[in-house]
Amino acid sequence: MGFCINCGNQHQDGVRFCRFCGTSQPSEQLLARLRAEAEQIRLLSMQMQQRNNQQNDAYARLEAMRQQAEAAARLNNQQNQNYRPPGW
Ligand SMILES: [Zn+2]
């Protein structure tokens with residue numbers, strides 16, 4: 001059973017025209033190609049999603065490193081300000 005691409009009514013597989021509205025229906029070959037394309041798109045979007053996640057991870061690590069460096073720099077600054085040469 002397939003569905004008309006125009007009116008959505010159910011019709012027999014392999015009919016060339018919808019018996020409700022007369023719209024010509026895509027052939028099985030075309031449907032198979034469209035299904036294959038849809039599968040390709042699904043796989044691609046899954047890969048893109050994974051790549052996005054990896055990029056987000058890398059960004060989070062960079063951000064953590066930046067914050068650590070900032071904290072270290074602040075600490076360093078404070079130590080320099082508190083530092084007095086001996087015998088001062
Ligand atoms: Zn129809």
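**Group meeting: a protein chain with one helix**

Okay, let's start with burial: just 1% of the 88 residues in the protein chain are buried, where buried means 20 or more other C-beta atoms within 10 Å of a residue's own, exposed means 12 or fewer, and partly exposed is in between, with C-beta atoms placed from the backbone. Before I go on, this is a predicted model, so local features need pLDDT of at least 70 and side-chain atom pairs count only at pLDDT 80 or more, while totals for chains, interfaces and linings use all residues. Numbering runs from 1 along each chain as its sequence is written.

How far can we trust it? The mean pLDDT, the predictor's confidence in each residue from 0 to 100, is 90 for the protein chain, and 98% of its residues reach 70 or more. Confidence bottoms out in strand β1 (residues 2-3), with a mean of 86, and peaks in α1 at 93.

Now the layout. We have 2 strands and 1 helix, in the order β-β-α along the sequence. These are DSSP runs numbered from the N terminus: H or I of at least four residues for helices, E of at least two for strands.

So what is the overall shape? The C-alpha atoms fill a box of roughly 105 × 20 × 15 Å along the principal axes. The radius of gyration is 32 Å, against near 12 Å for a compact globule of 88 residues; that's taken over C-alpha atoms, and the globule rule is 2.2 Å times the number of residues to the power 0.38.

Then there are the contacts, meaning pairs whose C-beta atoms, placed from the backbone, lie within 7 Å. Of those between residues at least 6 apart in sequence, 0% join residues at least 24 apart.

On to the helix. α1 covers residues 28-82, and its end C-alpha atoms are 81 Å apart, in agreement with the 81 Å expected for 55 residues at 1.5 Å a residue; the expected span is 1.5 Å times one less than the number of residues. The number of buried residues in α1 is 0, so the helix lies largely in the open. Take Ala72, which sits in α1: it is exposed, with 10 other C-beta atoms within 10 Å. Met48 is 24 residues from Ala72 in sequence, and their C-alpha atoms are 36 Å apart.

Two more residues, outside the helix. Gly14 is in the loop between β2 (10-11) and α1, and is exposed, with 9 other C-beta atoms within 10 Å. Its C-alpha is 8.7 Å from that of Met1, 13 residues away along the chain. Pro85 comes in the segment after α1 and is exposed too, with 5 other C-beta atoms within 10 Å. Between the C-alpha atoms of Pro85 and Phe20, 65 residues apart along the chain, there are 96 Å.

Conventions. Contact = placed C-beta atoms within 7 Å.
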